[in-house]
Amino acid sequence: MRPIDLTDFADKFAANDDPWRTYSDRDEAVKRAAILHALGPGPLGRVLELGSGNGSNSRAMAARSLRLHATEGTPEGTALTARAIVDWPRARAIRLALPARLPQREYDAIVIAELLYYLPPQAMRDVAKCVAQALRPGGRLVLAHHQVDYYDFVQHAAGIQQRFLDLTGRSWRISTMRRRRRWHVMAARSICGDRPGGQPT
């Protein structure tokens with residue numbers, strides 16, 4: 001087997017609106033609740049989601065965000081995300097194949113779930129730098145990923161969230177929201193005045 005790429009993801013979404021049962025699986029519902037808990041009660045300001053998939057998390061976040069940019073690399077996933085958030089006019093589904101310039105210069109919160117181990121190391125480094133620049137000082141970064149490897153991963157899952165944080169070049173206050181044998185949800189609060197490439201705030 002080889003690592004999955006965007007074409008493979010597109011094929012999965014074209015064949016099945018919910019190939020990983022993110023809407024119906026109980027464990028996925030528990031993970032989604034942990035992500036929402038990590039974001040806080042809201043109302044949230046400007047929220048960015050990277051790798052929205054079919055929009056199952058996007059819909060939950062849109063309900064408590066003043067503005068949501070839910071980005072997805074495939075046209076099929078972007079269309080599914082748009083369908084999921086159609087009832088929230090201040091939420092947008094945006095096609096964005098990473099690494100790439102982010103839709104807006106600054107966000108109050110950024111959510112990355114089930115994405116990082118599908119990125120090659122250099123691409124993950126580039127995304128980390130973009131996230132570090134776009135998250136406002138004091139903002140919140142939510143990471144939710146498996147801790148065990150699957151056959152289609154590009155990188156090993158163990159420790160990937162900490163590796164990503166290290167690549168940002170920022171300092172973080174980290175809290176574990178929920179940890180199960182297979183996955184881990186963490187919230188990382190950026191320390192004010194610690195934005196790479198910029199002036200202290």
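**Aromatic cluster, helix contact and backbone features**

Tyr117 and Tyr118 are both buried in this predicted model. These neighbours also pair with each other through their rings, in an edge-to-face arrangement with 5.4 Å from centre to centre and 80 degrees between the planes. Tyr118 has a further partner in Phe153, and this pair is edge-to-face as well, with the centres 5.3 Å apart and the planes at 85 degrees. The Tyr118–Phe153 pair bridges distant parts of the chain, since its two members are 35 residues apart. Tyr118 belongs to the loop between strand E4 (107-113) and helix H5 (121-134), whereas Phe153 belongs to the loop between strand E5 (135-146) and helix H6 (160-168). Tyr118 has a relative accessibility of 15% and therefore counts as buried. Phe153, at 9%, likewise counts as buried, because the cut-off for that class is under 20% relative accessible area.

The two pairs described here belong to a wider picture. The model holds seven aromatic pairs, and ring pairs join Phe9, Phe13, Trp20, Tyr117, Tyr118, Tyr150 and Phe153 into a cluster. Another kind of ring interaction involves Trp172, whose ring has the charged end of Arg170 sitting over it, 5.7 Å from the ring centre.

Phe13, a member of the aromatic cluster, also takes part in a helix contact. Here the axes of helix H1 (residues 6-15) and helix H4 (residues 75-84) come within 7 Å of each other and cross at roughly 45 degrees. H1 is therefore oblique to H4. On the H1 side, the contact is made by Ala10, Phe13 and Ala14; on the H4 side, Glu76, Gly77 and Leu80 contribute. By residue class, this contact of H1 with H4 comprises four nonpolar residues, one polar residue and one charged residue.

The backbone offers a few details worth a closer look. Most residues other than glycine have a negative phi, and most peptide bonds are trans. Against that background, the peptide bond from Leu98 to Pro99 is cis, with omega near 0 degrees. Pro99 is located in the loop between strand E3 (91-95) and E4. Arg21, a residue other than glycine, has a positive phi near 55 degrees, and this arginine is placed in the loop between H1 and helix H2 (26-39). Glu114 is not a glycine either, yet its phi is positive at about 55 degrees. The loop that carries Glu114 runs between E4 and H5, and Tyr118 is found in the loop between these two elements as well. Unlike the buried Tyr118, Glu114 is partly exposed, with a relative accessible area of 23%.

Finally, Ile174 is part of strand E6 (residues 172-179). With a relative accessibility of 39%, Ile174 counts as partly exposed. Leaving aside residues up to four places away in sequence, Ile174 touches Gln162, Leu165, Met186, Ala187 and Ala188. Arg92 is 82 residues from Ile174 along the chain, and 28 Å separates the C-alpha atoms of these two residues.

Conventions: Residues numbered from 1 in each chain as written. Predicted model: local features only at pLDDT ≥ 70, side-chain atom pairs only at ≥ 80, totals over all residues. Heavy atoms only, no water. Phe/Tyr/Trp six-rings, centres within 6.5 Å; stacked < 30°, edge-to-face > 60°. Buried < 20%, exposed > 50% of the residue type's maximum accessible area, 1.4 Å probe, protein only. Helix = DSSP H or I, 4+ residues; strand = E, 2+ residues; numbered from the N terminus. Lys NZ or Arg CZ within 6 Å of the ring centre and 35° of its normal. Axes fitted to C-alpha atoms, helices over the stretch in contact; angles between N-to-C directions. Parallel < 35°, antiparallel > 145°, perpendicular 65-115°, else oblique. Contact = heavy atoms within 4.5 Å. Nonpolar A, V, L, I, M, F, W, Y, C, P; charged D, E, K, R; others polar.
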